[in-house]
Amino acid sequence: MNELELTGQARSHVVELSDPRCMLHYEAVASFLAMRDAAREAGIDLTPRSSFRDFQAQVGIWNRKWSGERAIYDRQGALLDRKQLSDSAAVDAILCWSAIPGGSRHHWGSDVDVIDAAAVPPGYTVELLPAEYAADGIFGRLSQWLDANMRRFGFYRPYRTDRGGVSPEPWHLSYAPISQPALESLSLSTLRRVLDASNIEGKPHVLARLPEIYTRYLLAVDTPV
């Protein structure tokens, strides 16, 4: 991928699907659809909740969380009051669950958040929190199926364990043949240049801590096993 694709400022590397509705890197499509078909045979409706997300969409998420318009959670998934957080603490809280614009793995089209649509009870609002993917959660069966099957389709969980950066996200899958080279290609200097030209809220705090953010929240992820 080129720099614009890596940072979500271009869509030349992704294609839009209608069933399921999502946008994925063109090299990830066949493997994802094969995994979806296999899940269907097990009675699981593997459905994307989020796939490709461009730079401005990520800025929108970040800015709404910064302003308090969108909920912010701590590492355990408990709701925080933005008004009670210092700006530095707000940066940490947002990064637990949302990537810095330009540094989101969703920019690459290789990463997708998934649920089992067949397991969602009527009237239930999916929150994408770890408890939903625990053994007794509504997506517990999906999680177990992914543990047993996703690797043979090239997918893995980059946020499987708590490495002190992004909180564990059992719903977040990554297509290794695309995401591994992308992570190696996204440099700190590129990220700084993109953010410096952006309209991200809290920019001075982000830029001052960018080397730490790059190392702690982008590089400190699980690898395919």
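**Aromatic contacts around Trp171**

Trainee: Is Trp171 buried or exposed?
Mentor: The relative accessibility of Trp171 is 3%. The model is predicted, so local features need pLDDT of at least 70, side-chain atom pairs count only at pLDDT 80 or more, and totals for chains, interfaces and linings use all residues. Residues are numbered from 1 along each chain as its sequence is written, and side-chain values use heavy atoms, with hydrogens and water left out. Since buried means under 20% relative accessible area, exposed over 50% and partly exposed in between (1.4 Å probe, protein chains only), Trp171 counts as buried.

Trainee: How many aromatic pairs does the model contain?
Mentor: Rings of Phe, Tyr and Trp (its six-membered ring) pair if their centres lie within 6.5 Å; planes under 30 degrees apart count as stacked, over 60 as edge-to-face and the rest as tilted. By this rule, the number of aromatic pairs is five.

Trainee: Is the pair of Trp97 and Trp171 stacked or edge-to-face?
Mentor: The ring centres of Trp97 and Trp171 are 6.1 Å apart. Their planes stand at 20 degrees, so the pair is stacked.

Trainee: How many residues apart are Trp97 and Trp171 in the chain?
Mentor: Helices (H or I, at least four residues) and strands (E, at least two) are DSSP runs, numbered from the N terminus. Trp97 belongs to helix α4 (residues 87–97), and Trp171 to the loop between β7 (155–156) and β8 (172–175). The pair thus links distant parts of the chain, with a separation of 74 residues.

Trainee: Is Trp97 buried or exposed?
Mentor: Trp97 has a relative accessibility of 14%. At that value, Trp97 counts as buried.

Trainee: Which parts of the chain does the pair of Tyr133 and Trp171 tie together?
Mentor: Tyr133 and Trp171 form a tilted pair, with 5.6 Å from centre to centre and 50 degrees between the planes. Tyr133 is itself buried, at a relative accessible area of 4%. Because the two residues lie in separate loops, the pair joins parts that are 38 residues apart in sequence: for Tyr133, the loop between β6 (111–116) and α5 (140–149), and for Trp171, the loop between β7 and β8.

Trainee: Which residues form one aromatic cluster with Trp171?
Mentor: Two partners of Trp171 have been described above, namely Trp97 and Tyr133. The cluster that holds Trp171 is completed by Trp97, Tyr133 and Phe139.
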